[in-house]
Every structure is written in structure tokens, then in C-alpha cells.
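Biologist: Could you take me through one part of this model in close detail? I would like to hear about the aromatic rings and what surrounds them.

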Amino acid sequence: AETTQATPGGITTPPWVCGNTLIDSRDSNEYSTVEIGTQCWMAENLNIGTRKNRAITQTNNSEIEKYCYNDLESNCDIYGGLYQWDEAMQYSVSSGAQGICPDGWYIPSNTEFTVLETYLGGASVAGGKMKETGTTHWSTPNTGATNDSGFTALPSGFSGWDTFYFIGYKTFFYLSNISFSRPYYFLLNHDSGSVSLSNGGERSDGGPVRCIMN
């Protein structure tokens with residue numbers, strides 16, 4: 001998608017295209033974006049909202065709430081916020097809901113994930129093509145990591161009902177689908193180049209969000 005904006009002086013700015021920096025008008029946070037096949041993804045985890053300690057349940061109120069790993073805002077600066085599924089979806093249960101994504105972006109569904117996985121060569125290799133390379137953030141051996149896609153997945157870990165888990169080792173990204181009240185997500189690991197799709201988690205878990213463009 002392209003957007004051309006005229007300035008008061010009559011000079012038009014170049015159209016915004018995927019690959020340009022996205023500025024979230026709600027808080028002025030900036031995000032890299034990347035075109036992967038026919039899709040446009042954020043190339044960073046969403047980091048919007050007011051940080052709450054993990055002991056506080058995120059609720060349907062007038063503010064977006066987030067957790068930061070180990071309750072440290074500095075971890076949100078690197079890995080993005082961790083959101084319970086209902087908070088991420090802004091209390092919608094509709095597949096493809098905008099949720100907490102900026103206008104023009106939305107929470108991907110199984111369908112968008114399948115397109116991505118297929119484009120990257122299938123489940124057995126797609127994870128490596130999505131992970132940031134090296135061991136600055138991922139724990140060794142960071143198997144198969146090439147980041148050929150430019151998705152640049154980081155090992156954000158996640159929050160469970162009692163604490164935080166697996167920073168440096170795992171990350172999962174919520175999808176907008178649920179089955180038997182459990183949300184779908186795709187999972188990446190430090191010791192595998194594959195990606196797996198699951199709905200084995202809980203809506204109360206806290207995970208990162210990647211938005212996809214409308």
C-alpha cells in the first residue's frame with residue numbers, strides 16, 4: 001500500500017511503501033517493516049501500552065496494558081511488550097481483528113501464517129529464516145538462523161500464570177484464531193530451524209505481537 005501526503009506548502013512527500021519505517025501515531029514509536037512475498041509485516045515486536053507487573057491481570061479498560069519480561073521496561077525496549085491474548089485482541093474474538101495494532105494493521109490469523117510459512121519453504125526451515133542471526137539475543141546454538149526473510153524474530157520468552165519463562169530460548173507470536181477457547185500461536189526455538197503452530201497455551205499467557213498490514 002502506498003500513501004502520498006501533501007504538505008501545507010503543496011509539496012508532496014514520497015509514498016509510504018513496505019520496507020519504510022512505520023511510525024505509530026499513538027505513541028510515536030517507530031518500527032521497521034519488511035515485505036515477505038505478498039505480505040507486509042512489522043519487523044519488530046509491538047511495544048505499546050502501560051507496563052503492569054506480572055501479578056496484575058490485564059483488563060478491558062481504557063488503556064492498553066503490557067508486561068515486560070521480569071517486570072523491566074528495558075526488556076520491552078528490546079523484545080517488545082508481552083500481552084495476554086484478549087488484551088492483544090482488544091477483547092474481540094474475530095479472526096483478523098485489528099486488536100492493539102496501529103490503524104491499517106491487524107493481528108494475523110492462521111491463514112496469514114500459513115502463507116508466510118509456505119513462502120519460506122515450509123515448517124522445517126521457515127523458523128530459521130525468521131530468526132535473528134547470531135547469539136546476541138538468541139542462546140546458542142540458534143540452529144538454522146539465517147533471517148533470510150527479514151522478519152528478525154527475537155527470543156522474547158513469555159509470561160505464564162506465575163512468572164516469566166524462556167527469554168533467549170523461545171518466542172511465540174499470537175494469532176487471532178481460537179479453538180476450544182485456546183489461542184493459536186506460532187513458536188520458534190533456539191535449538192531448531194523449524195516453526196510450529198499450536199494452540200496449547202492459555203489466553204492468560206503473555207506473548208509478543210507482530211502486526212501484518214491490511
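Modeller: Gladly; here is a walk from the whole chain to its aromatic pairs. This is a predicted model, in which local features need pLDDT of at least 70 and side-chain atom pairs count only at pLDDT 80 or more, while totals for chains, interfaces and linings use all residues. Residues are numbered from 1 along each chain as its sequence is written, and side-chain values use heavy atoms, with hydrogens and water left out.

The protein chain has four helices and 15 strands; these are DSSP runs numbered from the N terminus, helices being H or I with at least four residues and strands E with at least two. Its radius of gyration is 17 Å, close to the 17 Å that the globule rule gives for 214 residues, so the chain is as compact as a globular protein of that length. That radius is taken over C-alpha atoms, and the rule is 2.2 Å times the number of residues to the power 0.38. Buried residues make up 50% of the 214, where buried means under 20% relative accessible area, with a 1.4 Å probe and protein chains only.

Now to the rings. The structure holds 13 aromatic pairs. Rings of Phe, Tyr and Trp (its six-membered ring) pair if their centres lie within 6.5 Å; planes under 30 degrees apart count as stacked, over 60 as edge-to-face and the rest as tilted. Y69 and F164 form a tilted pair, 5.2 Å centre to centre with 45° between the planes. Because Y69 lies in the loop between β6 (65-66) and α1 (73-79) and F164 in strand β10 (residues 164-165), this pair ties together parts that are 95 residues apart in sequence. Y69 counts as buried at 9% relative accessibility, and F164 does at 10%.

Another tilted pair is formed by F172 and Y185, 4.8 Å centre to centre and with 45° between the planes. F172 belongs to strand β11 (residues 170-179) and Y185 to strand β12, so here the parts tied together are 13 residues apart in sequence. Both F172 and Y185 are buried. They also belong to a cluster in which ring pairs link F158, Y165, F166, F172, Y174 and Y185.

One more residue brings us back to F164. S159, in strand β9 (residues 158-159), counts as buried at 0% relative accessibility. Leaving aside neighbours within four places in sequence, S159 is in contact (heavy atoms within 4.5 Å) with R54, Y67, L82, F164, D205 and G206.
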